[in-house]
Amino acid sequence: MVSNSSANNGVMGFSNLEANNKGNTITCSDTTLGADTMFYQADDFIGYSHIQNLTPKFKPFNKEIASTIISACRVSTSNQYDYGNKYNRAAMRKTKIQLPTKDGQIDFEFMESFVAELEAQRVAELEAYLSVTGLKDTHLSLEEEQALLDFDKIQWDTYRIGELFDRVKTKKLPYKAKNLPKESKGQFLLPCLTSSFNNQGLNYFVPKDGATILKNVISIPSNSDVYRAYFQSREFTVLSDAYAIKWKSSNTNITPQQYLFFVSCINKITDLAIYSYKNKLGGWNIVQNKYIQVPIRDNQIDFKLMEKLVSAIQKLVIKDVVEYSGKRYKQQN
């Protein structure tokens, strides 16, 4: 089922109902701010009422050609639409894009070969990344297996978020998001946080000079339609409508896996459908007084269990990626 989501190719779930749209096509929501919900759909699918099924008027058509067209649409519509001027059906019809041509005709052959070349390059980079980070090891240890088996036996306790985390103070930056580049460019090389839930809220870049540089903290929107927390493992700074929190205790340091576990606990009480621009969750003054449940052992937070659970889940999630990367890498070499 395809919705207006900008994640997971717009797929929000699966159903045993008969598909009402054919695959090998492009979908896009007519309630969004641009082409961020435009995706290639290989298989037949069920589309919600606001989903536009863009069927090609030409052949051949495939994933490579669709990817080129989608990228061109996203470039063409960048920063043109907002909540008062949405990328609806009429706007889609008027959208003009640039595509490669040869002898006065769209060069589909070039589009296919170019995207295939890019994919080969990215697969090679992915293989190298998986090797360097150790993520190619997807074998569960005995402790990780046991942590998964014992999940239903976990003892939980309730903690106020403000007991565990402090808000990080950051310098106010003199920039507006609409004037900033969406890619690292020149001195604009530091990702900055806004209220967006796309790309973990990091969709713009600012100079490092004068910015408070953060890393290994949790980010939370303060003025958004979606109040989803993220663990930020790389350097960034805060621009607007969001903030960062860090582990409060100076006696213990927590690992990235433990941070990720806390993020899931926080999102259970912040990332809810009841919150929106009309019904805001609020900022840290509200969130710090919310309560979350975390696993305990001997009346203490069970950090070891949190570590093993997240490690196990990471391995299970990355397993398909490792297998895909290895298979594609062998096919291309």
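Salt bridges first: this predicted model has nine of them. Side chains of opposite charge can pair when their charged atoms come close, and a few of these pairs are worth walking through one at a time.

Take Asp150 and Lys153 to begin with. Their side chains meet in a salt bridge, with 3.9 Å from N to O, and that counts because the cut-off is 4 Å. The two partners sit in different accessibility classes if you go by the numbers: Asp150 has 26% relative accessibility and counts as partly exposed, while Lys153, at 66%, is exposed.

Now move along to Glu235 and Lys208, where the closest N and O atoms are 3.2 Å apart. This pair connects distant parts of the chain, 27 residues apart. Glu235 is found in the loop between β11 (230–232) and β12 (237–238), and Lys208 in the loop between β9 (202–206) and β10 (217–221). As for accessibility, Glu235 comes out partly exposed at 37%, and Lys208 is partly exposed too, at 36%.

The next one to click on is Arg228 with Asp271, a salt bridge whose closest N and O atoms are 2.9 Å apart. Arg228 belongs to the loop between β10 and β11, and Asp271 to the loop between α6 (256–270) and α7 (284–287), so this contact ties together parts 43 residues apart in sequence. Arg228 has a relative accessibility of 27%, so it counts as partly exposed; Asp271 is partly exposed as well, with a relative accessible area of 27%. Elsewhere, salt bridges with shared partners join Glu143, Lys304 and Lys308 into one network.

Keep Arg228 on screen, since that residue turns up again in the next stop, the lining of a cavity. Rolling a probe the size of a water molecule over the atoms shows where empty space is left. Here the structure holds one cavity of 30 Å³ or more, and the largest cavity has a volume of about 30 Å³. Which residues line the largest cavity? Going along the chain, you meet Leu193, Thr194, Ser196, Gln200 and Gly201, then Ser219, Ile220 and Pro221, and finally Arg228, Tyr230 and Ala242. Among the elements, β10 gives the most to this lining, with three residues. Sorted by class, the lining has five nonpolar, five polar and one charged residues.

Last stop: the aromatic rings. A pair of aromatic rings is described by the distance of the centres and the angle of the planes. Searching the whole structure turns up 16 aromatic pairs. One of them is Phe165 with Phe262: the ring centres are 5.3 Å apart and the planes are at 85°, so the pair is edge-to-face. In sequence the two are 97 residues apart, with Phe165 in strand β7 (residues 165–167) and Phe262 in helix α6, so to speak a link between distant parts of the chain. Are these two rings' residues buried or exposed? Phe165 counts as buried, at 1% relative accessibility, and Phe262 is buried with a relative accessible area of 0%. Both residues also belong to one aromatic cluster, which they form with Phe231, Trp247, Tyr259 and Phe303.

How values were computed
Residues are numbered from 1 along each chain as its sequence is written. This is a predicted model: local features need pLDDT of at least 70, side-chain atom pairs count only at pLDDT 80 or more; totals for chains, interfaces and linings use all residues. Side-chain values use heavy atoms; hydrogens and water are left out. Buried means under 20% relative accessible area, exposed over 50%, partly exposed in between (1.4 Å probe, protein chains only). Helices (H or I, at least four residues) and strands (E, at least two) are DSSP runs, numbered from the N terminus. On a 1 Å grid over the protein atoms alone, a cavity is a set of points where a 1.4 Å probe fits but cannot get out, and a pocket is an open set with protein on both sides within 12 Å along at least five of seven lines; lining residues have an atom within 4 Å of a point. Grid points are joined across faces, edges and corners, and a volume is the space filled by probe spheres set on the points. Ala, Val, Leu, Ile, Met, Phe, Trp, Tyr, Cys and Pro count as nonpolar, Asp, Glu, Lys and Arg as charged, and the others, Gly among them, as polar. Rings of Phe, Tyr and Trp (its six-membered ring) pair if their centres lie within 6.5 Å; planes under 30 degrees apart count as stacked, over 60 as edge-to-face and the rest as tilted.
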